[in-house]
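This briefing introduces a structure to a reader who has not met it before. Please consult the sequence and the structure shown below while reading the points that follow.

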Number of protein chains: 2
Amino acid sequence: MVVATRADEIVDIAARLFYERGYPSVSTRSLAQAAGIQAGSLYHHFTSKEEILYRIVQYGSGEFFAGLLPHLEEPGLSYAARLDRFVRAYITDAQPRRYAIAVLFRDMAHLSPDHFAELQAVRRHFQQAVQRFLADGVAAGDFDVPDAKVAGIAVLDLLKGIDAWIREPGRLGRRQVADTYAVLILQLMGASL
Amino acid sequence: MVVATRADEIVDIAARLFYERGYPSVSTRSLAQAAGIQAGSLYHHFTSKEEILYRIVQYGSGEFFAGLLPHLEEPGLSYAARLDRFVRAYITDAQPRRYAIAVLFRDMAHLSPDHFAELQAVRRHFQQAVQRFLADGVAAGDFDVPDAKVAGIAVLDLLKGIDAWIREPGRLGRRQVADTYAVLILQLMGASL
DNA sequence: GTCTATAGCTTGATAGAC
DNA sequence: GTCTATCAAGCTATAGAC
């Protein structure tokens with residue numbers, strides 16, 4: 001029962017614009033134009049431009065990160081198999097939230113101090129869960145890396161970077177990129193399926 | 001015989017500011033203040049704010065990329081050994097150009113169309129040289145990846161991402177990060193020294 | 001090479017009518 | 001929920017004195 005309010009529609013439009021041009025380069029006027037209204041009308045739905053950014057990244061981050069972590073804990077699967085599923089899910093799932101995630105990573109610094117701290121905590125929780133999983137895999141002998149924390153950063157860096165270069169349609173579809181990255185990341189972790 | 005002109009000094013200061021806050025968020029006033037002059041005085045040295053950005057990324061990219069490629073062609077070394085040196089050089093060399101490289105990757109889109117195309121070509125040339133090297137290594141049987149082009153993107157993504165998270169001083173110094181990343185990237189390429 | 005002063009424009013945000 | 005009109009502030013860039 002998802003009823004998209006007018007505010008939600010505008011948030012979606014803003015997510016795409018912020019993703020394409022960056023938060024500071026999108027004026028309230030150009031955002032309003034994309035939504036088919038006047039700039040002043042935005043302030044019926046939001047109290048500030050920053051609130052729109054906050055709504056985007058909050059919407060994007062919460063469910064996205066929460067939906068990925070269960071892959072790391074699927075029972076009955078090896079560490080390598082769980083990492084494989086996590087990587088594939090990161091790349092191919094959550095299409096509607098893609099813009100939001102990319103905006104989160106690039107434009108977070110433009111949030112108010114309070115909002116920044118809140119989202120930073122969400123990010124950190126996610127990153128630490130991944131790092132803990134990788135460290136456990138190392139302890140279990142399934143992964144082989146010099147430093148599990150740095151490996152975690154590397155893995156997440158690789159995943160978040162994809163949207164910056166992938167072209168759709170391109171030589172490889174999202175599914176094939178997921179296949180390739182799953183192999184590369186398992187190799188990076190010194191593991192195999 | 002490097003005589004730093006006043007313009008060069010300002011370019012250096014701008015590189016740091018653009019790196020920290022992003023090009024659109026740094027006003028000519030705040031840049032001028034950091035340089036100890038008035039905003040209007042900037043236009044004695046440059047014709048526009050965009051020219052400053054251009055000077056930064058041109059200075060940063062040219063020598064940096066050119067200095068790294070020879071590591072991929074060092075005679076008498078295996079593909080793995082050459083990649084190892086390339087990775088270490090990328091991370092530890094060129095300290096003075098660090099800001100410029102980071103600005104290049106993040107704020108390139110704010111260049112004029114001509115300048116953008118020029119720098120894009122430099123970047124592409126570098127990326128293709130790396131991809132060619134990796135493909136040759138695969139053909140020689142020293143590397144094992146599903147797709148050399150994607151592997152090249154992954155390797156360069158990892159390297160360019162480091163400056164976004166490394167803290168100096170931090171738990172690991174730049175040298176130790178280089179040690180760790182050299183191992184991770186060789187593993188990612190399915191190689192060993 | 002730097003200053004002061006300012007033009008011309010765009011920005012985020014507000015007020016009040018409908 | 002959207003409009004019009006507008007404010008105050010900030011922006012890049014220019015002109016001319018020193």
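In this predicted model, 16 residues surround DNA strand D, and those that come nearest are Arg6(A), Gln38(A), Thr28(B), Arg29(B) and Lys49(B). Sugar and phosphate make up 63% of the strand D atoms that come within 4 Å of the protein.

**Surface near DNA strand D**

- Helix 3 (42-45) of chain A and helix 2 (28-35) of chain B each contribute at least two residues to the surface near DNA strand D.
- This surface comprises nine polar, four charged and three nonpolar residues.
- Gln38(A) places a backbone N or O atom 2.5 Å from a phosphate oxygen of DNA strand D.
- His45(A) has a polar side-chain atom 2.9 Å from a phosphate oxygen of the strand, and for Ser27(B) the corresponding distance is 3.4 Å.

**Contact between chain A and chain B**

- Chain A and chain B each bring 27 residues to their contact.
- Val150(A), Leu184(A) and Gln187(A) supply 23% of the area that chain A buries against chain B, more than any other three residues.
- The two chains bury about 2200 Å² between them, with 66% of it on carbon and sulfur atoms.

**Polar links and composition of the chain A side**

- Two salt bridges are counted between chain A and chain B; Arg171(B) and Asp147(A) meet in a salt bridge through their side chains, at 2.9 Å from N to O.
- Eight residue pairs are in polar contact between the chains.
- Helix 8 (148-165) and helix 9 (174-188) of chain A each supply at least two residues of the side that touches chain B, and helix 8 gives the largest share, 10 residues.
- That side of chain A divides into 16 nonpolar, six polar and five charged residues.

Methods:
Residues numbered from 1 in each chain as written. Chains lettered and ligands numbered in written order. Predicted model: local features only at pLDDT ≥ 70, side-chain atom pairs only at ≥ 80, totals over all residues. Heavy atoms only, no water. Contact = heavy atoms within 4.5 Å. Buried area = accessible area lost by both parts, 1.4 Å probe. Salt bridge = Lys/Arg side-chain N within 4 Å of Asp/Glu carboxyl O. Polar contact = N/O pair within 3.5 Å; in protein donor to acceptor, adjacent residues only side chain to side chain. Helix = DSSP H or I, 4+ residues; strand = E, 2+ residues; numbered from the N terminus. Nonpolar A, V, L, I, M, F, W, Y, C, P; charged D, E, K, R; others polar. Near = heavy atom within 4 Å.
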